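Colleague: I would like to learn how to read a protein model, one feature at a time. Where should we begin?

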Amino acid sequence: MNRLLPGDTPLVKLHTDGTHRVAPLAETIDRVRRHFGPLGITRVADVTGLDRIGIPVVMVVRPNSRSLAVSQGKGTTLAAARASGLMEAAETHHAEHPPVPLRLATATDLARTADVIATGLPVPAHSGFHPDLPMLWAEGTDLTSGAPVWVPYETVHTDYTVTDLPGAGCFYATSNGLASGNHPREAVLHGLFEVVERDATVLWSLAAPETQDITRIDLATVDDPGCRRLLDDFDRADVLVAVWDQTSDLGLPAFSCEIIDRYANPLHVVPAAAGMGCHTDRGVALSRALTEAAQSRLTAITGSRDDQPPPAYARSHDLHALAGHRAVLADESPARRDFRQVPEIRHDTVDDDIADVCARLAKAGCDRVVAVDLSRPEFGIDVVRVVVPGLEHVDLDSAEVMIGPRARQAMA
């Protein structure tokens, strides 16, 4: 039986505060804690107190990482933040050492004997891919048919210390769709939410400003208790919050959130920060966006992102730019969307969530949903990489990437 496909026993959700998991947070944390040494984790730091907001944020350090040395975790409680950070660190380690079957072949040759996906994936502008170029392929599972399918290895791994692999540079390498869980299907669901979230963000960012304005949420209409507590935390800390509904044609609740200090203080400049979230539960989706914004702000305060060059920090402290940003967030007049109008999808099991998301993707023309199992038996942590051809997940601020058909349609 394939671990990524539904079994005889449905996966019932046991934890639903801020995220949905099939095991208690203590069990999730302990699952990773037992393997700190092999995973390369040397420190888990609670950095919540470095800011005044009080929303729990942790950083998890892996000095010998082959990608980012610091992972971030956030949540409505410190336990949730620890679980978030530890699982992110664990999944990144797995993707740096992926235990998956690989084949070196051209797309043309491999397609003679296997199902191959080489189109609909994000590619850099300088991509040299062509069907007769030898490159590495990783085996995954089509979640709809259950059949094996091969995808470019570059869309699966996160070992950025090796740049001379066959076919390197043909596809856009990111961590999008990389997820972990207490069960393979839980990990699949988290990966699906992430790829849908990125796609929704790209499509929303291409909308006209007046269209974006009418998607701003009237925060007074937020009726989710957990989100209300988070909004109160921001308010007590004199931090402005703006939220936009980015739900796409897929109909899965997706939000983006931006925060900034309500009052300028030239002696203590804190950058603006943003967060995004997607989930079948609109309260969880908004909670993810709000907590990620708090996490992003603390990441800037701690200076712990090792993929950010010094100029990025300089730009984030530009007083003139911050003043303009503050004015936009302080103006609540565009906030005209009721939070309760955002779709709400309730399922008791992870399996029902996955089936729902896959059905929505198929209806939108994205009928190939692939999961690559990156789990290692010695850890007992379930990690997958979700790949959905056709979805957008590129950095539109970069001239080095090519947008896909969904983005082109949004622009048109």
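**Salt bridges, domains and sheets**

Modeller: With charged pairs: the salt bridges in this predicted model come to a count of 28.

Colleague: What is the general idea behind such a pair?

Modeller: Side chains of opposite charge can pair when their charged atoms come close. Here, D382 forms a salt bridge with R3, and their closest N and O atoms are 2.8 Å apart.

Colleague: Which parts of the chain does the pair of D382 and R3 tie together?

Modeller: D382 belongs to strand β14 (residues 382-387), while R3 sits in the segment before α1, so the pair ties together parts that are 379 residues apart in sequence.

Colleague: Let us go on to domains. Into which domains is the protein divided?

Modeller: There is domain 1 (25-98) and there is domain 2 (101-411). Their C-alpha centres lie 19 Å apart.

Colleague: How many residues of domain 1 are in contact with domain 2?

Modeller: For domain 1 the number is 35 residues, in contact with 43 residues of domain 2. Another way to read the boundary is by area: the two domains bury about 3,500 Å² between them, and 62% of it is on carbon and sulfur atoms.

Colleague: How many salt bridges are there between domain 1 and domain 2?

Modeller: The count is 4 salt bridges. As a separate example of a charged pair, look at D159 and R66, which form a salt bridge with the closest N and O atoms 3.2 Å apart. The count of residue pairs in polar contact between domain 1 and domain 2 is 18, with both residues at pLDDT 80 or more.

Colleague: Which elements supply the side of domain 1 that touches domain 2?

Modeller: At least two residues each come from α1 (25-33), α2 (36-39), β2 (57-61), β3 (70-74) and α3 (78-96). Of these, α3 gives the most to that side, with 8 residues.

Colleague: Now the sheets. In what order do β1, β2 and β3 stand?

Modeller: To read a sheet, follow its strands from one edge to the other. These 3 strands form an open sheet in the order β1-β2-β3, with antiparallel pairing. The edges are β1 (43-46) and β3; each has a single partner strand, so one side of each is left without a neighbour in the sheet. On average, neighbouring strands of this sheet are turned by 20° against each other, direction ignored.

Colleague: How many bridges join β2 to β3?

Modeller: The number is 5, and the two strands run antiparallel. To see the pairing, find V61, which stands opposite V70 in β3.

Colleague: What packs on this sheet?

Modeller: Helix α3 does, touching β1, β2 and β3, and its direction makes about 150° with that of β3. Helix α8 (residues 282-302) lies across β2 and β3, running at about 140° to β3.

Colleague: What is the strand order in the sheet that holds β9, β10 and β11?

Modeller: The order is β9-β10-β11, in an open sheet of 3 strands with antiparallel pairing. Each of β9 (239-245) and β11 (273-278) has a single partner strand and stands at an edge, so one side of each is left without a neighbour in the sheet. The average turn between neighbouring strands of this sheet is 20°, direction ignored.

Colleague: Over how many bridges do β9 and β10 pair?

Modeller: Strand β10 (residues 254-261) and β9 pair over 7 bridges in the antiparallel sense. D245 stands opposite F255 in β10.

Colleague: Which helix lies across β9, β10 and β11?

Modeller: Helix α5 (residues 184-205), which runs at about 120° to β11.

Terms used: Residues are numbered from 1 along each chain as its sequence is written. This is a predicted model: local features need pLDDT of at least 70, side-chain atom pairs count only at pLDDT 80 or more; totals for chains, interfaces and linings use all residues. Side-chain values use heavy atoms; hydrogens and water are left out. Two strands pair if DSSP finds at least two bridges between them. Helices (H or I, at least four residues) and strands (E, at least two) are DSSP runs, numbered from the N terminus. Axes are lines fitted to C-alpha atoms, for helices over the stretch in contact, and angles run from 0 to 180 degrees between N-to-C directions. Contact means heavy atoms within 4.5 Å. Domain bounds come from an automatic or database domain assignment. Buried area is the accessible area (1.4 Å probe) that two parts lose on being put together, summed over both. A salt bridge is a side-chain nitrogen of Lys or Arg within 4 Å of a carboxyl oxygen of Asp or Glu. A polar contact is a pair of N or O atoms within 3.5 Å; within protein, one must be able to donate a hydrogen and the other to accept it, and residues adjacent in sequence count only if both atoms are side-chain atoms.
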